[in-house]
Amino acid sequence: MDLKNKILSREAKIGVIGLGYVGLPLIIEFVKAGFEVTGFDVDKSKVDFLRAGKSYIKQISEDSIKEILPKFDPATEFSKLADMDAIVICVPTPLNKNREPDMSYVFGTTRTIAKYLRKGQLISLESTTYPGTTDEDVRAILEEGGLKAGTDFYLAFSPEREDPNNNDFRTRTIPKVVGGFNPASLEVAKALYDQIVQRTDQELIMLNENLNLLQTLLVSDVD
Ligand SMILES: NC(=O)c1ccc[n+]([C@@H]2O[C@H](COP(=O)([O-])OP(=O)(O)OC[C@H]3O[C@@H](n4cnc5c(N)ncnc54)[C@H](O)[C@@H]3O)[C@@H](O)[C@H]2O)c1
């Protein structure tokens with residue numbers, strides 16, 4: 001079965017890397033939509049908290065963690081990435097003293113994914129970053145093992161727009177912008193996000209060619 005059909009039938013296994021303000025609400029939505037989700041983090045204390053049904057994020061109740069636990073596997077064992085069909089990267093990109101994003105977390109995580117990458121997987125980057133990160137830097141790391149983006153695996157960028165203190169918008173109601181490395185990647189990534197957000201608003205093909213358009217759309221969406 002191809003990945004799009006696996007997503008539509010809820011058989012796709014989803015891995016979310018980074019169990020923070022972005023990753024955790026995303027996991028809750030995927031589980032509510034009927035998926036099995038593995039949540040990966042390097043911070044063992046967070047994984048232990050979640051396994052015990054506890055929350056370390058004010059906006060997320062313990063009940064909502066307990067509710068999803070039957071289908072949610074919090075993990076520090078990154079070898080489980082090999083079993084995932086779709087992998088979503090939600091690791092931090094804090095600004096350094098020059099106000100540039102520190103990309104070490106994204107690139108470190110991408111190297112880990114590359115170790116376990118297999119044909120047919122979707123990799124989607126949600127971390128906030130600069131144009132070109134996905135289709136140049138992330139792609140280059142993922143392709144080091146010989147698999148090719150767009151033909152062997154799907155590659156997408158869908159910048160997170162979570163606003164934890166805004167009660168008017170939640171993960172499900174914030175329109176999601178999805179960019180795909182090629183039309184097939186876009187189709188699969190859109191199918192994935194369509195299961196958990198009300199609107200995958202703007203659809204873009206070929207990340208590289210559409211970055212200006214993406215920026216324009218984001219600005220016009222804010223207006
Ligand atoms: N929080 C927001 O409101 C918000 C809004 C829009 C965009 N973003 C962006 O989303 C991304 C994630 O932000 P966040 O607020 O969720 O961060 P966070 O600090 O709350 O969570 C990130 C998690 O990633 C984990 N982590 C770090 N390195 C890792 C690695 N190599 N492998 C696995 N896990 C790792 C950390 O332990 C932490 O639990 C950032 O790029 C941020 O700029 C955040």
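1. Two residues are in contact if their C-beta atoms, placed from the backbone, lie within 7 Å. By that rule, and setting aside residues up to four places away in sequence, lysine 119 touches Leu147, Asp152 and Phe153. The model discussed here is a predicted one.

2. Lysine 119 sits in the loop that links α5 and β5. Is lysine 119 buried or exposed? A residue counts as exposed if 12 or fewer other C-beta atoms lie within 10 Å of its own. Lysine 119 has 9 other C-beta atoms within 10 Å, so it is exposed. Between the C-alpha atoms of lysine 119 and aspartate 85 there are 9.5 Å, while along the chain these two residues are 34 residues apart.

3. Strand β1 covers residues 13-17, and four of its five residues are buried; therefore the strand is largely enclosed by the rest of the structure. From β1 the chain passes through helix α2 (residues 23-32) and arrives at β2, making a β-α-β crossover that is right-handed.

4. Which strands pair with β1? One of them is β2 (residues 36-40), which runs parallel to β1 and is joined to it by five bridges. Within this pairing, valine 16 has glycine 39 of β2 as its bridge partner. Strand β4 (residues 86-89) also pairs with β1 in the parallel sense, over four bridges. Here isoleucine 17 stands opposite isoleucine 89 of β4.

5. Helix α6 spans residues 133-142, and its buried residues are Thr133, Thr134, Asp135, Val138, Arg139 and Leu142. Why do they line one face of the helix? Viewed down the axis of α6, the buried residues fall within an arc of 150 degrees, and so they share one face. The elements that cover these buried residues include α5, β5 (122-125) and β6 (154-157).

6. Around the ligand there are 26 residues, of which Gly18, Gly20, Tyr21, Val22 and Ser127 come nearest. The shell is mixed in character: eleven of its residues are nonpolar, eight are polar and seven are charged. Which helix gives the most to this shell? Helix α5 (residues 104-116) does, with three residues.

7. Helix α5 thus appears in more than one of the points above. Three of its residues belong to the shell around the ligand, α5 is among the elements covering the buried residues of α6, and the loop that holds lysine 119 lies between α5 and β5.

Note on methods:
Residues numbered from 1 in each chain as written. Predicted model: local features only at pLDDT ≥ 70, side-chain atom pairs only at ≥ 80, totals over all residues. Near = placed C-beta within 6 Å. Helix = DSSP H or I, 4+ residues; strand = E, 2+ residues; numbered from the N terminus. Nonpolar A, V, L, I, M, F, W, Y, C, P; charged D, E, K, R; others polar. Buried ≥ 20, exposed ≤ 12 C-beta atoms within 10 Å, placed from the backbone. Arc of directions from axis to C-beta. Pairing = 2+ DSSP bridges. Right-handed = clockwise from strand over helix to strand, strands pointing away.
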